[in-house]
Amino acid sequence: MSSNADLASRVDTSDEWIRTRTGIHQRHLADPGQMSSDLAHQAALQALSAAGIAAADLDLIIVATSTPDFIFPSTACVLQAKLGAARCPAFDVQAVCAGFVYALDIADKFIRSGAYKRALVVGTEVFSRILDWSDRGTCVLFGDGAGAVILAAADRPGVRASVLHADGSHAGILSTPGQLCGGKVTGDPFLRMDGQAVFKLAVRVLDEVARETLALCEMQPADVDWLIPHQANVRILDATAKKLGISPAKTIMTVDRHANTSAASIPLALDVAVRDGRIKAGDKVLLAGVGGGLTWGAVFVEI
Ligand SMILES: CC(C)(COP(=O)(O)OP(=O)(O)OC[C@H]1O[C@@H](n2cnc3c(N)ncnc32)[C@H](O)[C@@H]1OP(=O)(O)O)[C@@H](O)C(=O)NCCC(=O)NCCS
């Protein structure tokens, strides 16, 4: 764990600035030897245990990450081997902070098609590896982590509706623009961001995609028991909940303890709220993510 005070000892920032601008109090940073697949492995084991199934029962593994272990093989394949879930298909999805809702939607569609019965969907990131620790405008915002869910075929509703979007014309406002050339990363290998542009777009598209998703199943924001937006920044979460007319008391907020963990933020928040008893079976939960690309999407699910 790394507190804001810890960061202030290495970067020109303060606990007060970080808390008031972002709501972040602390973040977890992976040890140098830990990779995305290691964090994913821990999250996957907990999800399997909560679902009461064995890794060998999985038909599909999808990992959302923008900080994979390797260029290839995919982190999903590395995870599959760590779990001992041989032979089931495994692949990564790269949609940055919207990665988890992308992966969940893909898994849901595979299950609906009848192709697979049990899918493991993981969001995992070690963003600390792509942060410029001399850039106070970005390095204080992110953390490392992983979260996972199991999706299973059932006659209960589960995922009620989902919508994904992307607009590559905004690629420049949030990116890690380094390129691979001759076996090396050339150019800028660190995360760069136009914070204010991202802020404005994020609030707009989260509100739009939440409404679009709810409309698909003839629901209103008032029908949502719990809103779990991507945990980027408390001000983005508050503004999104306010635009939707959803009370802060129904909005799950874990950015204070995890910071922005990109594809891991939504499943981590879901995990916290399920384990502390707020989210219960039968609750209607709206997950909404936005990230670099720009990518965004929402999944409305009955737990
Ligand atoms: C990043 C963000 C918190 C910055 O807040 P802001 O109000 O836009 O702040 P600015 O970037 O305009 O900077 C304001 C001042 O704070 C300073 N500052 C920036 N980071 C700082 C830090 N960590 N500590 C102290 N001061 C800092 C700036 O240098 C600037 O100083 P100046 O006025 O002397 O030039 C805000 O833009 C944001 O939340 N954006 C969305 C980011 C995000 O969530 N991205 C991921 C989405 S998936």
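Domain bounds, as used in this report, come from an automatic or database domain assignment. The structure described here is a predicted model, and on that footing the protein chain is divided into domain 1, which covers residues 2-152, and domain 2, which covers residues 159-302.

**How the two domains meet**

Taken over C-alpha atoms, the centres of domain 1 and domain 2 are separated by 14 Å. Across the boundary, 39 residues of domain 1 are in contact with 40 residues of domain 2. On the side of domain 1 that touches domain 2, at least two residues each are supplied by the strands β2 (26-27), β5 (118-126) and β6 (144-152), and likewise by the helices α5 (99-112) and α6 (136-139). Of these contributions, the largest share comes from α5, which provides 7 residues.

**The surroundings of the ligand**

The ligand is surrounded by 21 residues, and the closest of them are T13, R136, G195, F199 and A232. This shell draws at least three residues from domain 1 and at least three from domain 2, so that a reader tracing the ligand in the model should look at both parts of the chain. At least two residues of the shell come from each of α2 (15-22), α6, α7 (195-216) and β13 (284-291), and the largest share, 5 residues, belongs to α7. The helix α6 also supplies at least two residues of the side of domain 1 that touches domain 2.

**Two helices that cross**

Within the chain, helix α3 (residues 36-51) and helix α4 (residues 75-83) have axes that come within 9 Å and cross at roughly 50 degrees. Angles under 35 degrees count as roughly parallel and those from 65 to 115 degrees as roughly perpendicular, and α3 and α4 are therefore oblique to each other. The crossing in which α3 passes α4 is right-handed. On the α3 side the contact is made by S36, S37, A40, H41 and A44, while on the α4 side T75, V78, L79, K82 and L83 take part.

**Composition of the three groups**

The table sets out how the residues of each group described above divide by character.

| Group of residues | Nonpolar | Polar | Charged |
|---|---|---|---|
| Side of domain 1 that touches domain 2 | 18 residues | 15 residues | 6 residues |
| Shell around the ligand | 11 residues | 8 residues | 2 residues |
| Contact of α3 with α4 | 5 residues | 4 residues | 1 residue |

Conventions:
Residues numbered from 1 in each chain as written. Predicted model: local features only at pLDDT ≥ 70, side-chain atom pairs only at ≥ 80, totals over all residues. Contact = placed C-beta atoms within 7 Å. Helix = DSSP H or I, 4+ residues; strand = E, 2+ residues; numbered from the N terminus. Nonpolar A, V, L, I, M, F, W, Y, C, P; charged D, E, K, R; others polar. Near = placed C-beta within 6 Å. Axes fitted to C-alpha atoms, helices over the stretch in contact; angles between N-to-C directions. Parallel < 35°, antiparallel > 145°, perpendicular 65-115°, else oblique. Left-handed = near helix turned anticlockwise from the far one by under 90°.
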